[in-house]
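Trainee: I am new to this structure and should be grateful for some guidance through its main features.

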Amino acid sequence: MQTASQVLDRVLVLEMVRVTEAAAIAASTLTGRGDEKAADAAAVEAMRASLNELYMDGTVVIGEGERDEAPMLYIGEKVGSAPGKGPKIDIALDPLEGTTICAKAGPNSLAVLAIAEEGNLLNAPDVYMDKIAVGPGYPADMIDLDKSVTENICAIAAAKGVEPKDIIACVLDRPRHEKLIAELRSLGCGVVLIGDGDVAGVIATTDPDTTIDVYMGQGGAPEGVLACAALRCVGGQFKGRLLFRNEDERARARKWGITDLDKQYDLSELAKGDCIFAATGVTDGSLLEGVKRMRGKMTTESVVMRASSGTVRWVKGEHRTDR
């Protein structure tokens, strides 16, 4: 078991839920309105305001982009009410994971946040990452991005004691994944295609009720770090490799201290030490219920996890709007 951090106070566990609740509630006012940018901006503003109320010296290491590209919560931005005095904390966040989902009122839109001691979350640039993830209970290092899709599926099936055709894979529904999906289906695998939200897709591998065995494919690198923070708390395996489309993206990676551009990252290299992961549902999904608005109140559902204790808390919130 991971040793508890002396920096991450227990109080911060529930404080993180308050932060993701604020972002989810703000974004939910624009659910189904067709305006991705407005929904994202509402979530960002609410999350930033909530973070700045907390006694900490926080630094955003996974954010909405780099300073010149993001008006708020950019990579490197300082948050918290005690700069230079409070505990030094690195923050990975996605105020609205699944902006398109929220705009179209689809499933699995979340407000997501992870924190760790300074230096324990990979400062990943906003590029693509090749990913493969499974839940807990498998032999160590069973999955590997240097193996083919077929080899990984066969390894998972053998460890589970089933045939490859019995494996269910979750994949982002993108043209770039046509060959991946075809190879999975040639093995007889079931493929759950999701429109967005690969943090939820990775976490789904840890929940037997989803029936998803493996997450595969290319998604955002920042979302990979967030997903790893969750897996550090509940168990599982993850492999990731940054993918670069041009020299500008490679330069951005070097700017944030990444020198080996071909490295295959393990779970513990993306999210190290003790960490806290929190998420609140914006729309209903496989992981969480979305924000519900009723006369005089709103309800939220959140999950918060901590690596050192392995504790997972499901939090139902009722927020009065008539006072």
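The questions and answers below concern a predicted model.

Trainee: In what order do the six strands of the open sheet stand?
Mentor: The sheet is open, and its pairing is mixed. The twist averages 20 degrees from one strand to the next. The order of the strands is β7-β6-β8-β5-β9-β10.

Trainee: Which strands stand at the edges of this sheet?
Mentor: A strand at the edge has a single partner, so one of its sides is left without a neighbour in the sheet. This applies to the strands covering residues 190–194 and 264–266. They are β7 and β10.

Trainee: Which helix packs on the sheet by touching β5 and β8?
Mentor: The helix in question touches β5 at residues 128–134 and β8 at residues 214–220. Its direction makes about 140 degrees with that of β8. It spans residues 149–160 and is helix α4.

Trainee: How many bridges pair β5 with β9?
Mentor: Strand β9 covers residues 237–243, and on its β10 side the pairing is antiparallel over three bridges. With β5, strand β9 likewise pairs in the antiparallel sense. Asp130 stands opposite Arg241 of β9. The number of bridges between β5 and β9 is seven.

Trainee: Which residue of β10 stands opposite Arg241?
Mentor: Strand β10 pairs with β9 in the antiparallel sense. Within β10, Asp266 is the bridge partner of Lys239. The residue of β10 opposite Arg241 is Gln264.

Trainee: Is β9 largely enclosed by the rest of the structure or largely open?
Mentor: The answer follows from the burial of its residues, a residue being buried when its relative accessible area is under 20%. Six of the seven residues of β9 are buried, so the strand is largely enclosed.

Trainee: How many residues of helix α7 are buried?
Mentor: Helix α7 covers residues 221–234 and so has 14 residues. From its first C-alpha to its last it reaches 20 Å, close to the 20 Å expected at 1.5 Å a residue. Just after α7, Gly235 takes a positive phi of about 95 degrees. The helix is largely enclosed by the rest of the structure, because the number of its residues that are buried is 13.

Trainee: With which residues is Asp126 in contact, leaving aside its neighbours within four places in sequence?
Mentor: Asp126 is placed in the loop between β4 and β5, and at 42% relative accessibility it counts as partly exposed. Its C-alpha atom is separated by 8.5 Å from that of Glu64, which is 62 residues apart from it along the chain. The contacts of Asp126 beyond its sequence neighbours are Pro222 and Arg252.

Trainee: How many disulfides does the count come to?
Mentor: A disulfide requires two cysteine sulfur atoms within 2.5 Å. The sulfur of Cys154 is 8.3 Å from the closest cysteine sulfur, in Cys189, and is therefore too far for a bond. The sulfur of Cys275, a residue buried at 0% relative accessibility, is 4.5 Å from that of Cys233, again too far for a bond. The count of disulfides comes to zero.

Trainee: Which residue forms a salt bridge with Arg48?
Mentor: Arg48 lies in helix α2, while its partner lies in the loop between β1 and β2, so the pair ties together parts that are 29 residues apart in sequence. Arg48 is partly exposed at 29% relative accessibility, whereas the partner is buried at 3%. The closest N and O atoms are 2.6 Å apart, and the partner is Glu77.

Trainee: Which residues are linked with Lys78 in a network of salt bridges?
Mentor: Lys78 in strand β2 and Asp57 in strand β1 tie together parts that are 21 residues apart in sequence, with their closest N and O atoms 3.0 Å apart. Lys78 is partly exposed at 46%, and Asp57 is buried at 3%. The network links Lys78 with Asp57 and Lys88.

Trainee: Is Glu249, the salt-bridge partner of Arg245, buried or exposed?
Mentor: The closest N and O atoms of this pair are 2.6 Å apart. Arg245 is exposed, with a relative accessible area of 60%. Glu249 has a relative accessible area of 3% and is buried.

Trainee: How many salt bridges are counted in total?
Mentor: The pairs discussed above include Arg48 with Glu77 and Arg245 with Glu249. The count of salt bridges comes to 20.

Technical notes. Residues are numbered from 1 along each chain as its sequence is written. This is a predicted model: local features need pLDDT of at least 70, side-chain atom pairs count only at pLDDT 80 or more; totals for chains, interfaces and linings use all residues. Side-chain values use heavy atoms; hydrogens and water are left out. Two strands pair if DSSP finds at least two bridges between them. Helices (H or I, at least four residues) and strands (E, at least two) are DSSP runs, numbered from the N terminus. Axes are lines fitted to C-alpha atoms, for helices over the stretch in contact, and angles run from 0 to 180 degrees between N-to-C directions. Contact means heavy atoms within 4.5 Å. Buried means under 20% relative accessible area, exposed over 50%, partly exposed in between (1.4 Å probe, protein chains only). The expected span of a helix is 1.5 Å times one less than its number of residues. A salt bridge is a side-chain nitrogen of Lys or Arg within 4 Å of a carboxyl oxygen of Asp or Glu.
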